[in-house]
Amino acid sequence: MAPEETAEAESVLQSFERRFLAARTLRSFPWQSLEEKLRDSSGPELLLNILQKTVKHPLCVKHPPSVKYVRCFLSELIRKHEAVHMEPLDELYEALAEVLMAEEPTQCHRSYLLSCHFEKVRWMQSHNVCPSEIGFLCAALTPSRPIQISSLSPGSRINSLPVSAQPSGDSVTLSESTAIVSHGTTGLVTWDAALYLAEWAIENPATFAHRTVLELGSGAGLTGLAICKTCCPSTYVFSDCHSCVLEQLRGNILLNGLSLEPDTTDPERHPGHNAHDTESPRVTVAQLDWDVVTAPELAAFRPDVIIAADVLYCPETVMSLVRVLQRLSACLKDQQAPEAYIAFTVRSPETCWLFTNELGQTGIPWEAVPHHNQKLFPYEEHLDMAILKLIL
C-alpha cells in the first residue's frame, strides 16, 4: 500500500475509533470513505482493525457504551462489508452475537482520547518549565501554525522530549445516562460545547496551569477532567446543583483516577487555602445553586479562572448565570480579577444577545475568543459554537 493510501486508511481508522468511543451518532462516521477503502482492498484487514479499535478496544471492553449503540454500529459495519465483499467476516458476526445477548443498562460510558503532546505539556508545567517554551511546544505541534523546535536554544528542555501527535492512550471516560433528559435534568450527558471548551483549554494550558479553577454547571465532568489531566491546575472545583448530577460527577472523577477533597466552602478548609505541591490537582465537588449561593460561599472558592459550558439554554438560566457572575465579581475585588470563559452552542440568537446585553448592564466586560478548528474531540463541526472571555 502506497504511503498516502496508508495515511488515508489510518485517518479513517482513527475517525472510527474516536467517534465510537465517544458514542457519537452513526451518521457522523466516515462511512463513504470506508466503502471506498473496502472496494480498493481485497482483504479484511481494515475492517478487522476497525473492530479492534472500536468494539474490541480495551476502553470499550472495560467501560462499554450502550448495548443498543454497539448493536447498531456492528449492523452498519456488516452492511458495508456485505455491499462490497461476498464472503462473510466471522469476527463481525461473532461480535454482533455477543451484543445481542447483552442487557441494556441505564448508564453507558463514553471515552475521549487525549494526545501525547498534551502529556508532554503537562510534564513541562509540573516541572516549572518556562511558559514561553511550553507555548513553543504547543505551537510546534499545532498543524495550523507550525514552529521548528530546532529554532529553540540548545539548552531548551523541549529538545529532550520526543515529538509525536499520535494518541497516547490516556483518556477521559465518563459514565452517562442513556437518556438526554433523565431525573428531570440534562446534566447527566455531555454536550458539544463542553467538548469545544475542553479542546480549547488543552490548546491553551497556561490559562489554567497552577491556578484555581471553578467550573459552574459541570454536568458529567468532561471539561474539568480534561483540564485536570492536561493543564495542571493547582485546584479544580466542579460544581452543579442537581443531586443526581453531583453523584454521577463524583463517580466520574474517581473513575478517571483523581482523588476527591471534602466538599466544603469553609475558607480555612477549602482546597485552595494551602499550597499544594503534588503533580495532581486538588479536586472537590460543590453543590452550588446559582439562585441561592451567597457571596461568602463564592468567595471561599478563591478562583483564578471560572468556566462554564452549554449553560445558556434558556432566558431563566442566563439571568441566574449573570447574577452569580456579578456576585463573584463583587466578592473577589480584593484579589486579581479572575477570568471567566463561557462556552455555548448558539441555538437561539436571542438568548445569546440576552447574555451579552445583561453582561453589559452589570458592567462585566467580555470579548469573543477566536474560533478554533476541530483537532481532538468528535463534536459536531457544523454547530455554531463560541467562547466568551469575561473579566470579573
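About 40 Å³ of space lies in the largest cavity, and that is a good place to start. The model you have open is a predicted one. A search of the whole structure turns up one cavity of 30 Å³ or more.

**Stop 1: the cavity**

Select Phe20, Leu21, Leu59, Cys60, His63, Pro65, His109, Arg110 and Ser111, and you have the lining of the largest cavity on screen. Now colour by element: helix 1 (3-21), helix 4 (58-62) and strand 1 (107-115) are the ones that give two or more residues to this lining. Which of them gives the most? Strand 1 does, with three residues. If you switch to colouring by residue class, the lining shows five nonpolar residues, three polar and one charged.

**Stop 2: helix 2 against helix 5**

Next, show helix 2 (residues 31-40) together with helix 5 (residues 67-84). The axes of helix 2 and helix 5 come within 9 Å and cross at roughly 40°. The two helices are therefore oblique to each other, and helix 2 passes helix 5 in a right-handed crossing. To see the contact, turn on side chains for Trp31, Leu34, Glu35, Leu38 and Arg39 in helix 2, then for Phe73, Glu76, Leu77, Lys80, His81 and Val84 in helix 5. This contact of helix 2 with helix 5 is a mixed one by class: six nonpolar, one polar and four charged residues.

**Stop 3: helix 3 against helix 5**

Keep helix 5 in view and add helix 3 (residues 45-53). Here the axes come within 12 Å, and the crossing angle is roughly 175°. How do helix 3 and helix 5 run, roughly parallel or roughly antiparallel? They are roughly antiparallel, because an angle over 145 degrees counts as such. On the helix 3 side, pick Leu47, Ile50 and Leu51; on the helix 5 side, pick Phe73, Leu74, Leu77 and His81. In the contact of helix 3 with helix 5 you will find six nonpolar residues, one polar and no charged. While you are here, look again at Phe73, Leu77 and His81 of helix 5: they take part in the contact with helix 3 and also in the contact with helix 2.

**Stop 4: helix 9 against helix 10**

For the last stop, move along the chain to helix 9 (residues 192-203) and helix 10 (residues 222-230), which pack at an angle of about 15° with their axes 8 Å apart. That angle makes helix 9 roughly parallel to helix 10. As for handedness, helix 9 passes helix 10 in a right-handed crossing. Select Ala194, Leu195, Leu197, Ala198, Ala201 and Ile202 from helix 9, and you can see them meet Leu222, Thr223, Ala226, Ile227 and Thr230 from helix 10. The residues of this contact of helix 9 with helix 10 divide into nine nonpolar and two polar, with no charged ones.

Key
Residues are numbered from 1 along each chain as its sequence is written. This is a predicted model: local features need pLDDT of at least 70, side-chain atom pairs count only at pLDDT 80 or more; totals for chains, interfaces and linings use all residues. Side-chain values use heavy atoms; hydrogens and water are left out. Axes are lines fitted to C-alpha atoms, for helices over the stretch in contact, and angles run from 0 to 180 degrees between N-to-C directions. Helices (H or I, at least four residues) and strands (E, at least two) are DSSP runs, numbered from the N terminus. Angles under 35 degrees count as roughly parallel, over 145 as roughly antiparallel, 65 to 115 as roughly perpendicular and the rest as oblique. A crossing is left-handed if the near helix is turned anticlockwise from the far one by less than a right angle, and right-handed if clockwise. Contact means heavy atoms within 4.5 Å. Ala, Val, Leu, Ile, Met, Phe, Trp, Tyr, Cys and Pro count as nonpolar, Asp, Glu, Lys and Arg as charged, and the others, Gly among them, as polar. On a 1 Å grid over the protein atoms alone, a cavity is a set of points where a 1.4 Å probe fits but cannot get out, and a pocket is an open set with protein on both sides within 12 Å along at least five of seven lines; lining residues have an atom within 4 Å of a point. Grid points are joined across faces, edges and corners, and a volume is the space filled by probe spheres set on the points.
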